[in-house]
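Please look at the sequence and the structure below. The paragraphs that follow go through one part of the fold and then turn to the cysteines.

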Amino acid sequence: MKKKLFLVALVMMLSIALVFSGCTQQTTDTQDDQQEQQEQQSDQEDTTAQEPDSDEPAFKAALVEVAANIFYDLIDSGVRDVVEAKGGVLLRSISDFDLQKELALVEDYLLQDIDVMFLSVVDPVGSAEAIRKCNEAGVPVICLASEPSPDEDVDIITYTKSDDTEAALEVAEYILAQIDYSGDVLIIDGPQITCVLERVAGYKEVIDQYPDVNLVGHAIVDEHSVSGNIKLIENLLQAHPETKAIFTYCGYGIQAADVALKNLGREDIWVGEVDGIPEECELLANGNVKGATIGQQPYLFGVRAAEAYLTYLEDNNADIPLWTKVEHVLITAENASEWDAYDPSRNRYAE
């Protein structure tokens with residue numbers, strides 16, 4: 001009897017031991033599985049953190065220009081080439097010389113969390129409001145081709161352009177020499193932005209130096225276009241038939257003169273202006289229009305502006321000049337065929 005009781009007790013103890021052993025093994029296996037899953041999840045999270053979003057740009061830039069034409073398209077190309085080479089993205093809009101539209105575009109871009117604003121100002125005074133919005137938002141501003149008035153309390157990193165006053169002085173001297181510094185001349189004026197104001201002031205400064213040169217007509221175009229310039233040139237020439245030379249505010253002038261002077265049979269008139277876009281250079285090279293222009297290299301306006309931002313990005317206290325000047329060159333019939341605004345590497349001052 002005692003032997004049977006002993007055997008029963010032994011069997012029960014072995015059974016209990018096996019049960020506890022199984023539970024312990026199951027618990028251990030479960031813990032191991034959970035630990036392995038946690039490690040795998042951790043590895044996935046680490047991998048995700050180390051892989052940046054390939055669609056996220058290094059920085060976001062905005063460009064608001066006063067017009068869309070070959071001159072401003074080349075500025076856009078210069079900015080875009082540098083920005084995209086550094087992994088950034090460039091957004092572009094056109095203000096159409098409209099202050100309210102300019103301000104609305106700037107405010108819209110600020111809502112998109114841009115990192116830098118590139119701006120061709122509509123008006124040296126009126127555009128200050130748009131720049132102040134950027135200043136208040138902590139977004140740096142770089143101006144191209146035109147800049148705010150120094151009397152306005154705004155902050156910009158720099159502005160890139162050629163010297164429009166020097167350019168106008170140079171082309172005016174050349175044109176007046178062709179008419180022996182004597183006779184009636186006209187000025188075709190345009191939108192009252194900084195670069196145009198400086199060009200017209202330069203023309204007048206040279207004209208005033210020669211007593212035998214008479215400024216008989218000075219008017220602002222109703223429409224900033226070739227057709228707008230054609231209309232004004234024809235109207236002024238009909239009012240002043242003895243005109244020997246015309247000074248215009250931009251590259252539309254020589255293109256307009258090619259049409260207007262032929263319409264009036266006045267191909268003898270000399271035309272001077274500032275821009276150096278391909279269409280006007282071709283007309284000069286082919287002898288369609290007697291005149292001269294200034295090659296400004298707008299592509300380099302854009303390149304220098306974007307480079308200035310990259311310098312600022314590396315060091316907010318970097319010594320960046322307020323005016324980043326781009327060199328210009330006088331273009332006449334003799335060298336017009338060598339000038340190519342589309343390919344800056346061909347030009348004398350391109351770097």
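In this predicted model, the buried residues of helix α8 pack against five elements: α7 (226-239), β8, β9, α9 (278-285) and β10 (290-295). Helix α8 itself covers residues 252-263. How many of its 12 residues are buried? Nine are, and the helix is therefore mostly covered. Among these buried residues are Tyr252, Ile254, Gln255, Asp258 and Leu261. Gly253 belongs to the buried set too, as do Ala256, Ala257 and Ala260. From its first C-alpha to its last, α8 reaches 17 Å, which is close to the 16 Å expected at 1.5 Å a residue. Just after the helix comes Gly265, with a positive phi of about 65°.

Next, consider strand β8, one of the elements that α8 packs against. The strand runs over residues 243-248, and five of its six residues are buried, so β8 is largely enclosed by the rest of the structure. Which strands pair with β8? One is β6 (residues 183-189), which is parallel to β8 and joined to it by five bridges. Within this pairing, Ile187 has Phe247 of β8 as its bridge partner. Another is β9 (residues 270-272), also parallel to β8, with three bridges between the two. Here Ala245 is partnered by Trp270 in β9. To get from β8 to β9 the chain passes through α8, and this β-α-β crossover is right-handed. In a regular strand, side chains point in alternation to one face of the sheet and then to the other.

The cysteines are the last topic. A disulfide is a covalent bond that links the sulfur atoms of two cysteines. To be counted here, a pair of sulfur atoms must lie within 2.5 Å. By this rule the count of disulfides is zero. Cys143, for example, is in no disulfide, and the nearest cysteine sulfur, in Cys134, is 9.2 Å away. Cys143 is also buried, with a relative accessible area of 0%.

Why does Cys250 not form a bond with Cys195? The closest cysteine sulfur to that of Cys250 is the one in Cys195, and because the two are 8.9 Å apart, they are too far for a bond. Like Cys143, Cys250 is buried, here with a relative accessible area of 6%. Both values fall under the 20% that marks a residue as buried.

Conventions:
Residues numbered from 1 in each chain as written. Predicted model: local features only at pLDDT ≥ 70, side-chain atom pairs only at ≥ 80, totals over all residues. Heavy atoms only, no water. Buried < 20%, exposed > 50% of the residue type's maximum accessible area, 1.4 Å probe, protein only. Helix = DSSP H or I, 4+ residues; strand = E, 2+ residues; numbered from the N terminus. Pairing = 2+ DSSP bridges. Right-handed = clockwise from strand over helix to strand, strands pointing away. Expected span 1.5 Å × (residues − 1). Contact = heavy atoms within 4.5 Å.
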